[in-house]
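Hi,

Here is the structure I promised to pass on. Have a look at it first, and my notes come after.

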Amino acid sequence: EQGYETGEHAPGLKLGGCGAYKAAHHIIKTHAKVWHSYNNTWRREQRGMVGISLTSGWGEPVDPHSQTDRDAAERYIQFHLGWFANPIYRGDYPEVMKNYVGRKSAQQGLGTSRLPTFSVQEKTYIKGTSDFLGIGHFTTRYVLQKNFPFLQVASYHTDHDLAELVDPNWPAPGPKWLYSVPWGFRRLLNFIKTQYGNPLIYVTENGVSETVQCSQLCDEWRIQYLKGYINEILKALNDGVNVKGYTAWSLLDKFEWNKGFSERFGLYHIDFKNKNKPRYPKASVDYYKKIISANGFPNPREVL
């Protein structure tokens with residue numbers, strides 16, 4: 001969306017209403033071609049796996065008793081995760097995406113939907129092309145219905161007719177978009193289990209950044225974030241979700257999209273002003289080491 005719709009990220013194209021959908025369409029078809037290439041040529045010898053990693057927040061209805069809010073929350077997930085996962089696991093774009101984008105395209109006087117379509121052959125070719133699902137997850141939103149007038153300029157953002165809210169009590173240690181809401185992760189993982197036949201999952205990204213540098217490297221908020229989110233993964237495992245591995249984002253401070261070096265996700269602080277780029281462990285390093293060595297939360301009562 002930000003590369004082909006709003007132009008905020010590279011390649012900086014502002015193809016409102018269609019750019020993101022076209023780019024995603026090519027990504028999905030290309031992913032399937034790579035999977036089939038590996039499957040036909042190398043799998044028998046190497047016995048490896050090919051998957052896809054998708055990033056998605058969780059959308060929670062503002063009023064869980066309101067069918068309208070529940071539908072809006074469903075659209076939130078389908079327009080984010082389902083956009084890519086549904087073709088790969090179920091053979092086509094989510095019905096709600098096809099319906100909403102198709103209807104809005106017709107209202108805008110277009111002869112065809114701005115959401116591309118897969119041929120019958122492409123649907124068959126794409127379905128099942130993932131041996132595991134990588135999941136990047138950072139935060140949650142409350143969601144409710146919001147109608148955008150059809151005369152408004154077409155965009156991915158307005159196609160799903162919803163508004164996103166946050167709870168002011170949610171911790172927000174990093175950038176303005178990243179609130180710490182651990183319980184949303186368990187719900188997202190259970191959604192994947194239910195929607196896509198409980199696929200093998202690797203958590204490929206999960207973490208929090210700081211926008212203000214802490215000279216003492218005392219990232220207590222990151223420790224609390226990791227503790228909360230990893231705990232929810234353990235709960236999801238108890239729910240029967242097939243999570244195989246977890247990767248914290250990220251080992252080192254690094255270049256973060258259009259934020260450059262100003263937004264720091266790393267467990268290790270990098271002094272970018274020093275030509276040697278020295279690395280310093282933050283407090284979260286020691287905490288994460290203990291989690292790794294125990295393969296879970298260490299029991300404080302255990303005698304070592």
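Below are my notes on the pockets and on one helix pair.

This is a predicted model, in which local features need pLDDT of at least 70, side-chain atom pairs count only at pLDDT 80 or more, and totals for chains, interfaces and linings use all residues. Residues are numbered from 1 along each chain as its sequence is written, and side-chain values use heavy atoms, without hydrogens and water.

The largest pocket (an open set of 1 Å grid points where a 1.4 Å probe fits, with protein on both sides within 12 Å along at least five of seven lines) has a volume of about 1,900 Å³. Its lining (residues with an atom within 4 Å of a point) comprises 42 residues, with Glu1, Gln2, His9, Thr55 and His80 nearest the centre. Helix H3 (67-90) contributes the most to that lining, 5 residues. By class, the lining has 18 nonpolar, 15 polar and 9 charged residues.

The second largest pocket has a volume of about 310 Å³. Among its 13 lining residues, Ile230, Tyr246, Ile291, Asn295 and Gly296 lie nearest the centre. Helix H8 (220-238), strand E7 (243-246) and helix H9 (283-294) each give two or more residues to this lining, which divides into 9 nonpolar, 3 polar and 1 charged.

H8 also meets helix H7 (183-195): their axes (lines fitted to C-alpha atoms over the stretch in contact) come within 8 Å and cross at roughly 35°. In the contact (heavy atoms within 4.5 Å), residues of H7 including Trp183 and Phe185 meet residues of H8 including Tyr229 and Ile233.

Best wishes

Notes: Grid points are joined across faces, edges and corners, and a volume is the space filled by probe spheres set on the points. Helices (H or I, at least four residues) and strands (E, at least two) are DSSP runs, numbered from the N terminus. Ala, Val, Leu, Ile, Met, Phe, Trp, Tyr, Cys and Pro count as nonpolar, Asp, Glu, Lys and Arg as charged, and the others, Gly among them, as polar. Axes are lines fitted to C-alpha atoms, for helices over the stretch in contact, and angles run from 0 to 180 degrees between N-to-C directions.
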